[in-house]
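Here is a short briefing on how the secondary-structure elements of one chain fit together. Start with the pairing of strands, then turn to the helices.

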Amino acid sequence: MTQKVLLNSKEVNIILHRLACQLIEKHLDFKDTILVGIQPRGTFLAERLKTMLEKEYNTPEIKLGYLDITFFRDDFRRTDKPLEANKTKINFIVENKKVIFIDDVLFTGRSIRSALTAIQSFGRPSEIELLVLIDRRFSRNLPIQPDYRGRQVDAINNEKVKVNWKENEGEDGVYLITNESVKN
């Protein structure tokens, strides 16, 4: 297995600031906008953006929720191992609000399709946008595209994009991992 650095800590920080500025340009005061981190990995990015928007860009308090999509996935019964659900934490109504789904990597689009179904339990948003740190653009199974993307990566099927967060893995970084046994 080989590992190549796609983004180091400094580059991740620069991208986070750019994404925060793009959100401010479109949503201004965030009074009708809600951030929703897709469990489990999107929550780190969502929390980081919320903190950055509030503390570094003086945006008033932003609503942030976490959405578990485990049992909304179309493949959740196609595995032999039992799935472990994460917690959904949405303490507000999303009816007529602008919802921004936040996830670390957009791969096939199936997680976002699941999130679109899951969010309906909390009301009907007026609009839904998608923000991702990494967009694997050539691997989509569904016609889903991000509104905000940190970096576009062209990875083939035997390659995996791994995002490390300081809060979870002790460092910020994005890696392209290649499984050598799959290569010819």
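Thr-33 has Lys-98 in strand 4 as its bridge partner. The model is predicted. Strand 2 (residues 33-38) and strand 4 (residues 98-106) run parallel and are joined by 5 bridges.

**Sheet**
- The sheet is open and has 5 strands, in the order 3-2-4-5-6.
- Its pairing is parallel.
- Strand 3 (63-67) and strand 6 (148-153) are the edge strands, and each pairs on one side only.
- On average, neighbouring strands of this sheet are turned by 25° against each other, direction ignored.

**Helices on strands**
- Helix 1 lies across strand 2, strand 4, strand 5 (127-136) and strand 6.
- Relative to strand 6, helix 1 runs at about 140°.
- Helix 3 (residues 110-118) lies across strand 2, strand 3, strand 4 and strand 5.
- Relative to strand 4, helix 3 runs at about 155°.

**Helix 1 against helix 2**
- Helix 1 (residues 9-27) packs with helix 2 (residues 42-56) at an angle of about 70°, and their axes are 10 Å apart.
- That angle makes helix 1 roughly perpendicular to helix 2.
- The crossing of the two helices is right-handed.
- On the helix 1 side, the contact includes Asn-13, His-17, Leu-19 and Ile-24.
- On the helix 2 side, Arg-48, Met-52 and Glu-56 are among the residues met.
- By class, the contact of helix 1 with helix 2 has 9 nonpolar, 2 polar and 2 charged residues.

How values were computed. Residues numbered from 1 in each chain as written. Predicted model: local features only at pLDDT ≥ 70, side-chain atom pairs only at ≥ 80, totals over all residues. Heavy atoms only, no water. Axes fitted to C-alpha atoms, helices over the stretch in contact; angles between N-to-C directions. Helix = DSSP H or I, 4+ residues; strand = E, 2+ residues; numbered from the N terminus. Parallel < 35°, antiparallel > 145°, perpendicular 65-115°, else oblique. Left-handed = near helix turned anticlockwise from the far one by under 90°. Contact = heavy atoms within 4.5 Å. Nonpolar A, V, L, I, M, F, W, Y, C, P; charged D, E, K, R; others polar. Pairing = 2+ DSSP bridges.
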